[in-house]
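Work through the following exercises with the sequence and the model side by side. Try each task before you read its solution.

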Amino acid sequence: MSIPDGAGSVPARKIPFHRPSLGNAERDAVLEVLESRWLTTGQKTVDFEEAVRARIGCGHAVAVNSATAALHLILEALGVRAGDEVVVPTYTFASCGETVRYLNARPRLADVDAVTFNATAATIEAQLRPETKAIMVVHFAGLMADMEPILELARSRNLPVIEDAAHALPSSREGRQAGTVGTAGALSFYATKTVTTGEGGMIVTDTAQIADRARSMRLHGLTRDAWKRYSGGGSWYYEIEDVGFKYNLTDLAAAIGLVQLERAESTRLERERVARRYEQAFAASSIADLVELPLMPRPNEVHAWHLFPIRLRLDRIKITRAETIDRLAGAGIGTSVHFIPLHLHPYYRRMYGYAPDDLPVANLQFEREISLPIYPDLTDGEVDYVVERLEGILRPL
Ligand SMILES: Cc1ncc(COP(=O)(O)O)c(C=O)c1O
């Protein structure tokens, strides 16, 4: 049944866009690190790297303080530099393009599939140039991109593939985990992510040369075990091998990550429950024809459900996307928009002369997208409330 949205009145409920899923185990893990007196990169970080490596099944895992840092270090290790181009999906966050720019290379933006929001072999191929040095893929919302045709294309041009798996832990297709399918992957442990350390990231790869380079460059380009220099087993001696960065993860963060990783599958199942509840609630509502829901995973896919992106059928409703978001906020419901495509931002328009219609699919999806709340402790009742409110907004009585 449709509930009129109470614009202007005090909302009946407060449903934030995001609530991290944290418990006593995380608190105890942080206290243990505080009591150990070793706060920065140390044994907990090494343990977290090993836990992630074993969990997703790859040769090497290198912890850093964000996925942005991970993308930067992967591109750097691949030798991307001025004059090179990297194909980057336009439907993504700032990090994907900016890390290419850190190295003075050019992000060449690719359009995406209208259903999954992921880049495809065809949209990537359209952006390949003689200068292309690498291909970046984003597993949007936690549903993996169709990697086989992309890998085939990359192999035919001898190009490495970087997986931005910031939304995709745990995600898999045919049993292959996101981040382990291409040349190297970047994970994010940002506050809203499915596995969080507050801020954090990790490089995952089977290529020892990428892992070794990243281990040194994440800590000022020092010799690889320089982080041990204040520990009993460490040495005061280090050498600066190159001009690196300050991207190392702290043990405080890693301790939280270890707990979160252990719960990754049970929290993913809770997110999946929320997604299925949205699916049922929309199907039973009077607005099923006004809203397009995200693709449900096929039997061979595991979806991380970092986001629940719906799209409004703007041709069938009278209200705008912005008004819908405002009215949901008025009803106490937090939402977001993923993403404002890179090619629409002033920097990319100014630097490369992009116009909205250059990448039309991304543009059209962005204009009608709203990300609804999805997290493990969102109750079925709260999901129903979100859908009922949306009913009142999109199809008022
Ligand atoms: C697709 C994508 N890539 C990369 C990032 C960057 O992650 P981090 O905040 O860990 O640098 C984000 C962050 O939201 C993201 O959504």
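**Exercise 1. Find which residues of strand S5 (residues 161-164) point one way and which the other, and decide whether they are buried or exposed.**

Solution. Begin with the directions: Val161 and Glu163 point one way from S5, while Ile162 and Asp164 point the other way, and all are buried. A residue is called buried if 20 or more other C-beta atoms lie within 10 Å of its own, exposed if 12 or fewer do, and partly exposed in between, with C-beta atoms placed from the backbone. In a regular strand the side chains alternate between the two faces of the sheet. Strands (E, at least two residues) and helices (H or I, at least four residues) are DSSP runs, numbered from the N terminus.

Two remarks on the source belong here. The model is predicted, and local features need pLDDT of at least 70, side-chain atom pairs count only at pLDDT 80 or more, and totals for chains, interfaces and linings use all residues. Residues are numbered from 1 along each chain as its sequence is written.

**Exercise 2. Determine which strands pair with S5, and in which sense.**

Solution. First take strand S4 (residues 132-138), which pairs with S5 in the parallel sense over four bridges; two strands pair if DSSP finds at least two bridges between them. Within this pairing, Met136 has Ile162 of S5 as its bridge partner. Next take strand S8 (residues 184-188), which is joined to S5 in the parallel sense by three bridges, with Glu163 standing opposite Gly185 in S8. Finally, add the helix: S4, helix H6 (residues 147-157) and S5 make a right-handed β-α-β unit, where right-handed means that, with the strands pointing away from the viewer, the path from the first strand over the helix to the second runs clockwise.

**Exercise 3. Describe the surroundings of strand S3 (residues 106-110).**

Solution. Start with burial, for five of the five residues of S3 are buried. Arg106, Arg108 and Ala110 point one way from S3, and Pro107 and Leu109 point the other way. Then look at the neighbour, strand S2 (residues 85-89), which runs parallel to S3 and is joined to it by five bridges, with Val86 opposite Pro107. S2, H4 and S3 also make a right-handed β-α-β unit.

**Exercise 4. Work out why one side of S10 and one side of S13 are left without a neighbour in the sheet.**

Solution. Write down the strand order, which is S10-S12-S13 in an open sheet of three strands with antiparallel pairing. Strand S10 (291-292) and strand S13 (369-372) stand at the edges and each has a single partner strand, so one side of each has no neighbour in the sheet. Between strand S12 (residues 308-312) and S13 there are four bridges in the antiparallel sense, and Phe308 has Leu372 in S13 as its bridge partner.

**Exercise 5. Establish how many residues of helix H8 are buried, and what covers them.**

Solution. Count first: 10 of the 12 residues of H8 are buried, among them Asp251, Leu252 and Gln260. What covers these buried residues includes helix H1 (24-36), helix H2 (43-56), strand S1 (60-64) and helix H9 (264-283).

**Exercise 6. Decide whether Gly233 is buried or exposed.**

Solution. Locate Gly233 in the loop between helix H7 (208-217) and H8. Gly233 has 7 C-beta neighbours inside 10 Å and therefore counts as exposed.

Methods
Contact = placed C-beta atoms within 7 Å.
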